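Got a minute to walk through a fold with me? I'd like to learn how to read strands, cores and ring pairs.

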Amino acid sequence: MNTYKLFFQPLALVLVFTLSLSAQSENVDPKEAEIETLNAFMDAWHLAAAEANTEEFFGSMREDAIYIGTDKTERWLRDDLRKWAANAFERESAWIFKASERNWQLKLDKQFAICDELLDTWMGPCRATAVLTWEKDGWKIIHYQLSVTIDNEKINDFKALQEAH
């Protein structure tokens, strides 16, 4: 009887554990799984800039992607942005943006994904919006807009600063 318990109780525990893992994997929400994939994609894109990885950063954008920066003159097509940012990508780090919050919407049966994110940057907190499309080789950024945030109660001071220059 003791041999039976010694052999079959651990086997039963392993079987129960395996079945519970299997049940958990079957209960994964496909939308949540896709959002995890999208978060990993955006985190890798920001990391590519932080590591000055030109190929990864610009390769994550479609050729016709638009990047709108914080300056009122900054509306870049991907390859124009690559030329403009070439000096930054020659450094150890082009720039460091780290998302502290990100919200997703999946559209048209997961052909498009839209996110807004709150970023910690060298400029202070920024907000950004990204539009991604599903391509044959995975998600690609087609539009990215970066904005510096200004507290509402500081708008008049900000306007005065801009008018002074």
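Here is a short chat about strand pairing, the nonpolar core and the aromatic rings.

Q: Before we start, what kind of model is this?
A: It's a predicted model.

Q: OK, strands. Which strands does β1 pair with, and in which sense, parallel or antiparallel?
A: Start with the direction of each neighbour. Strand β1 (residues 61–68) runs parallel to β6 (residues 138–148), with 4 bridges joining them. With β2 (residues 75–77) the pairing is antiparallel, over 3 bridges. For a register check, Ile66 sits opposite His143 in β6, and Ile68 sits opposite Arg75 in β2.

Q: How many residues lie between β1 and β2 in their hairpin?
A: There are 6 residues between them.

Q: And side chains along a strand?
A: In a regular strand they alternate between the two faces of the sheet.

Q: Now the core. Which residues have the most contacts inside the largest one?
A: Phe57, Leu132 and Tyr144, in a core of 34 residues. Helix α2 (30–50) gives the largest share, 7 residues. Leu132 touches, among others, Leu38, Phe41, Trp104 and Ile141.

Q: How do I read an aromatic pair?
A: Look at the centre distance and the angle between planes; over 60 degrees counts as edge-to-face. The structure holds 12 aromatic pairs. One of them, Phe57 with Trp95, is edge-to-face at 5.6 Å centre to centre and 85° between the planes.

Q: Where in the chain do Phe57 and Trp95 sit?
A: Phe57 is in helix α3 and Trp95 in the loop between α5 and β3, 38 residues apart. Both are buried. They also belong to a ring-pair cluster including Trp45, Phe89 and Tyr144.

How values were computed:
Residues are numbered from 1 along each chain as its sequence is written. This is a predicted model: local features need pLDDT of at least 70, side-chain atom pairs count only at pLDDT 80 or more; totals for chains, interfaces and linings use all residues. Side-chain values use heavy atoms; hydrogens and water are left out. Two strands pair if DSSP finds at least two bridges between them. Helices (H or I, at least four residues) and strands (E, at least two) are DSSP runs, numbered from the N terminus. A nonpolar core is a set of buried Ala, Val, Leu, Ile, Met, Phe, Trp, Tyr and Cys residues joined through side-chain atoms within 4.5 Å. Buried means under 20% relative accessible area, exposed over 50%, partly exposed in between (1.4 Å probe, protein chains only). Contact means heavy atoms within 4.5 Å. Rings of Phe, Tyr and Trp (its six-membered ring) pair if their centres lie within 6.5 Å; planes under 30 degrees apart count as stacked, over 60 as edge-to-face and the rest as tilted. Lists of a residue's contacts leave out its neighbours within four places in sequence.
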